[in-house]
Amino acid sequence: FDSMDVFENIAFALREHTTMEQFKSLLDALPPARVADLSATLFATSWYPLQSLVDLDRAIVETLGKGERFVLRSVGRFAATANLSLLHRSLFRDDPHPFLRHVALLQGQFTDFGASTWQSFGTSVGRMTHRHWRCFSPLLCEAAIGFYEECVRMAGGTGVTVDETSCICRGDKHCTFELSWSACKADAARR
């Protein structure tokens with residue numbers, strides 16, 4: 001699914017930021033194929049099935065989140081920071097809209113499971129839509145909420161809200177995330 005280090009960065013963070021007991025519990029909650037993925041040397045050039053991330057998210061919820069899906073928002077925020085911080089430093093510092101358009105393009109380049117599009121609806125409102133995903137899970141969507149929250153913050157937005165208004169898992173055609181923020185540096189410059 002991904003060569004942009006999402007799986008690798010999350011796996012690395014889990015190894016580095018959990019106790020040995022927590023990491024063992026996480027491994028015990030994973031299917032054997034995913035244990036092999038996490039136990040092996042991970043390479044940025046490797047591709048992993050999206051189901052690997054779903055399985056990892058499920059194990060995180062079961063073990064570290066104690067059954068609460070909201071822990072995945074933190075995982076999503078971490079993934080945004082780990083995978084997009086270099087892009088953020090070089091481009092789109094003061095306005096979330098161009099940054100999120102670029103994020104949607106990157107998701108298309110570094111994944112093979114669907115497409116994402118960004119639409120702006122004013123200075124501090126927009127929509128990210130995921131289409132044609134071959135594998136989906138409410139766990140992926142929960143992590144995406146945290147991912148997009150952090151993207152807006154990285155681009156200077158404050159007071160960020162992300163709501164999933166449609167979801168393939170609920171029978172909708174697409175997963176749609178409505179994003180809004182109260183202010184950003186670009187808004188102040190326009191005044």
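Visitor: Let's start with S1 and S2. What do these two strands form, and how many residues sit between them?

Guide: They form a hairpin, with four residues between the strands. Gly122 is in the turn, and its phi is positive, about 130°. Keep in mind that we're looking at a predicted model.

Visitor: How do you know that S1 and S2 count as paired?

Guide: Pairing takes at least two bridges between two strands. S1 and S2 have six, in the antiparallel sense, so they pass the cut-off. One of the partnerships joins Ser120 to Gly126 in S2.

Visitor: Which other strands join in, and in what order?

Guide: The open sheet has four strands, ordered S1-S2-S4-S3, with antiparallel pairing. From one strand to the next, the twist averages 20°. S2 is joined to S4 by six bridges, and S3 pairs with S4 (residues 175-180) over five. In that last pair, Val162 stands opposite Leu179 of S4.

Visitor: What makes a strand an edge strand here, and which ones are they?

Guide: An edge strand pairs on one side only, and that holds for S1 (115-120) and S3 (161-166).

Visitor: What lies across this sheet?

Guide: Helix H7, residues 138-154, lies across S1, S2 (125-131), S3 and S4. Its direction is at about 30° to S4. Angles under 35 degrees count as roughly parallel, so H7 and S4 fit that word.

Visitor: Why is H4 called roughly perpendicular to H7?

Guide: Look at the angle: the two helices pack at about 80°, and their axes are 9 Å apart. The roughly perpendicular range goes from 65 to 115 degrees, so H4 earns the label.

Visitor: Which residues make that contact?

Guide: H4 brings Leu50, Leu53, Val54, Asp57, Arg58 and Val61, while H7 brings Leu139, Leu140 and Ala143.

Visitor: How do these residues divide into nonpolar, polar and charged?

Guide: Seven are nonpolar, none is polar and two are charged. Asp and Arg belong to the charged class, so Asp57 and Arg58 make up that pair.

Visitor: Let's stay with H4. Why does Asp55 get the label it has, buried or exposed?

Guide: Asp55 is in H4, which covers residues 50-63. Its relative accessible area is 8%. Buried means under 20%, so Asp55 is buried. Setting aside neighbours within four places in sequence, Asp55 is in contact with Leu30, Pro31 and Arg34.

Visitor: And Lys66, buried or exposed?

Guide: Lys66 has 71% relative accessibility. The cut-off for exposed is over 50%, so Lys66 counts as exposed. You'll find Lys66 in the loop between H4 and helix H5 (71-90).

Visitor: What makes the phi of Lys66 worth a look?

Guide: Lys66 isn't a glycine, yet its phi is positive, near 50°. Most residues other than glycine have a negative phi.

Visitor: What about Arg127: why does it get its exposure label?

Guide: Arg127 is in strand S2. Its relative accessibility is 26%. That falls between the 20% limit for buried and the 50% limit for exposed, so Arg127 is partly exposed.

Visitor: How do you know that Arg127 has a partner in S4, and which residue is it?

Guide: The bridge partner of Arg127 in S4 is Glu178. The two are 51 residues apart along the chain, but their C-alpha atoms are separated by 4.6 Å. Beyond residues up to four places away, Arg127 touches Thr117, Trp118, Gln119, Phe121, Thr176, Phe177 and Glu178.

Visitor: Which strand residues does Ala104 touch, and what is its accessibility?

Guide: Ala104 sits in helix H6, residues 96-110. It touches Ser116, Thr117, Trp118 and Met128, not counting residues up to four places away in sequence. Its relative accessibility is 6%, under the 20% cut-off, so Ala104 is buried. The C-alpha atoms of Ala104 and Ser116 are 5.0 Å apart, with 12 residues of separation along the chain.

Visitor: Stepping back, what does the whole chain contain?

Guide: Eight helices and four strands. From the N terminus, they run α-α-α-α-α-α-β-β-α-β-β-α. Of the 191 residues, 51% count as buried. The chain exposes about 9400 Å², and carbon and sulfur atoms supply 57% of that area.

Conventions:
Residues are numbered from 1 along each chain as its sequence is written. This is a predicted model: local features need pLDDT of at least 70, side-chain atom pairs count only at pLDDT 80 or more; totals for chains, interfaces and linings use all residues. Side-chain values use heavy atoms; hydrogens and water are left out. Buried means under 20% relative accessible area, exposed over 50%, partly exposed in between (1.4 Å probe, protein chains only). Accessible areas come from the Shrake-Rupley method with a 1.4 Å probe; for residues, only the protein chains shown count as cover. Contact means heavy atoms within 4.5 Å. Axes are lines fitted to C-alpha atoms, for helices over the stretch in contact, and angles run from 0 to 180 degrees between N-to-C directions. Angles under 35 degrees count as roughly parallel, over 145 as roughly antiparallel, 65 to 115 as roughly perpendicular and the rest as oblique.
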